[in-house]
Amino acid sequence: MPLKQQLVDEIEVLLRYNLETKHEGLKVHNDARQELRDATRRLFEKGLINQKDGGYLTDLGHDAAKHTEALLSLLRA
């Protein structure tokens with residue numbers, strides 16, 4: 001099953017979060033690539049982040065980002 005580019009873009013946004021703390025968020029600015037702005041909005045709609053333009057990971061988003069990092073680590077090994 002090939003990954004659609006939209007999913008890859010969402011993964012890219014999740015990987016930008018610092019998982020060492022829940023007190024650090026992201027702000028995706030209007031001059032960011034359109035694909036990243038759209039991915040951020042989709043993550044908000046899915047309940048993984050708390051703002052349309054980034055903000056903080058929700059508990060579900062934190063879990064998703066941890067799993068994403070773990071998978072990436074396994075694939076890079």
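Thr68 is buried, at 16% relative accessible area. The cut-off for that label is under 20%. The model is a predicted one. Thr68 sits in helix 3. Leaving aside residues up to four places away in sequence, Thr68 touches Ile11, Leu14 and Leu15.

**Helix 1 against helix 3**

Those three partners of Thr68 also appear in a helix–helix contact. Helix 1 packs on helix 3, residues 59–76, at an angle of about 100 degrees. The two axes are 9 Å apart. Helix 1 is thus roughly perpendicular to helix 3, since angles of 65 to 115 degrees get that label. On the helix 1 side, the contact is made by Ile11, Leu14 and Leu15. On the helix 3 side, Gly61, Ala64, Ala65, Thr68, Glu69 and Leu72 take part.

**Helix 1 against helix 2**

Two packed helices are described by the angle between their axes and the distance between the axes. For helix 1 and helix 2, the angle is about 80 degrees and the axes lie 8 Å apart. This pair is therefore roughly perpendicular as well. Helix 1 contributes Gln6, Asp9, Glu10, Glu12, Val13 and Leu14 to the contact. Helix 2 contributes Glu35, Leu36, Ala39, Thr40, Arg42 and Leu43. Leu14 of helix 1 is listed in the contact with helix 2 and in the contact with helix 3.

Arg42 belongs to helix 2. Its relative accessibility is 13%, so Arg42 counts as buried. Arg42 touches Gln6, Asp9 and Glu10, with residues up to four places away in sequence not counted.

**Salt bridges**

How many salt bridges does a search of the whole structure find? The search returns eight. Three of them are tabulated here, with the closest N-to-O distance.

| Pair | N to O distance |
|---|---|
| Glu10 and Arg42 | 2.5 Å |
| Lys46 and Glu10 | 2.6 Å |
| Glu45 and Arg41 | 3.2 Å |

Glu10 appears in a bridge with Arg42 and in a bridge with Lys46. Take the Arg42 bridge. Glu10 is in helix 1 and Arg42 is in helix 2, residues 34–45, so the bridge ties together parts that are 32 residues apart in sequence. Both partners are buried. Glu10 has a relative accessible area of 6%.

Now the Lys46 bridge. The side chains of Lys46 and Glu10 meet at 2.6 Å, N to O. Lys46 is in the loop between helix 2 and strand 2 (49–51), while Glu10 is in helix 1. The bridge links distant parts of the chain, 36 residues apart. Is Lys46 buried, partly exposed or exposed? Lys46 is partly exposed, with a relative accessible area of 48%.

The bridge between Glu45 and Arg41 lies within one helix. Both residues are in helix 2, four residues apart, which means they are separated by about one helical turn. Glu45 is exposed, at 55% relative accessible area. The line for exposed is drawn at over 50%. Arg41 has 32% relative accessibility and counts as partly exposed.

**A network around Arg16**

Which residues are linked in a network of salt bridges? The network holds Glu12, Arg16, Arg33 and Glu35. Two of its members, Glu12 of helix 1 and Glu35 of helix 2, also help make the contact between those helices.

Arg16 lies in the loop between helix 1 and strand 1 (26–27). Arg16 is partly exposed, at 48% relative accessible area. Its contacts beyond four places in sequence include Leu26 and Leu36. Arg16 and Leu26 are ten residues apart in sequence. In space, their C-alpha atoms are 7.9 Å apart.

**A nonpolar patch on the surface**

Leu3, Leu7 and Val8 form a nonpolar patch on the surface. Together they have about 230 Å² of accessible area. Val8 is in helix 1, residues 5–15. Its relative accessibility is 33%, so Val8 counts as partly exposed.

**Helix 1 in summary**

Helix 1 packs roughly perpendicular to helix 3 and roughly perpendicular to helix 2. Its residue Glu10 is buried and forms salt bridges with Arg42 and Lys46. Helix 1 also holds Val8, one of the residues of the nonpolar surface patch.

Definitions and conventions:
Residues numbered from 1 in each chain as written. Predicted model: local features only at pLDDT ≥ 70, side-chain atom pairs only at ≥ 80, totals over all residues. Heavy atoms only, no water. Patch = residues over 30% accessible without salt bridge, like charges linked within 9 Å, V, L, I, M, F, W, Y side chains within 5 Å. Areas by Shrake-Rupley, 256 points an atom, 1.4 Å probe, with all protein chains shown as cover. Salt bridge = Lys/Arg side-chain N within 4 Å of Asp/Glu carboxyl O. Buried < 20%, exposed > 50% of the residue type's maximum accessible area, 1.4 Å probe, protein only. Axes fitted to C-alpha atoms, helices over the stretch in contact; angles between N-to-C directions. Parallel < 35°, antiparallel > 145°, perpendicular 65-115°, else oblique. Contact = heavy atoms within 4.5 Å.
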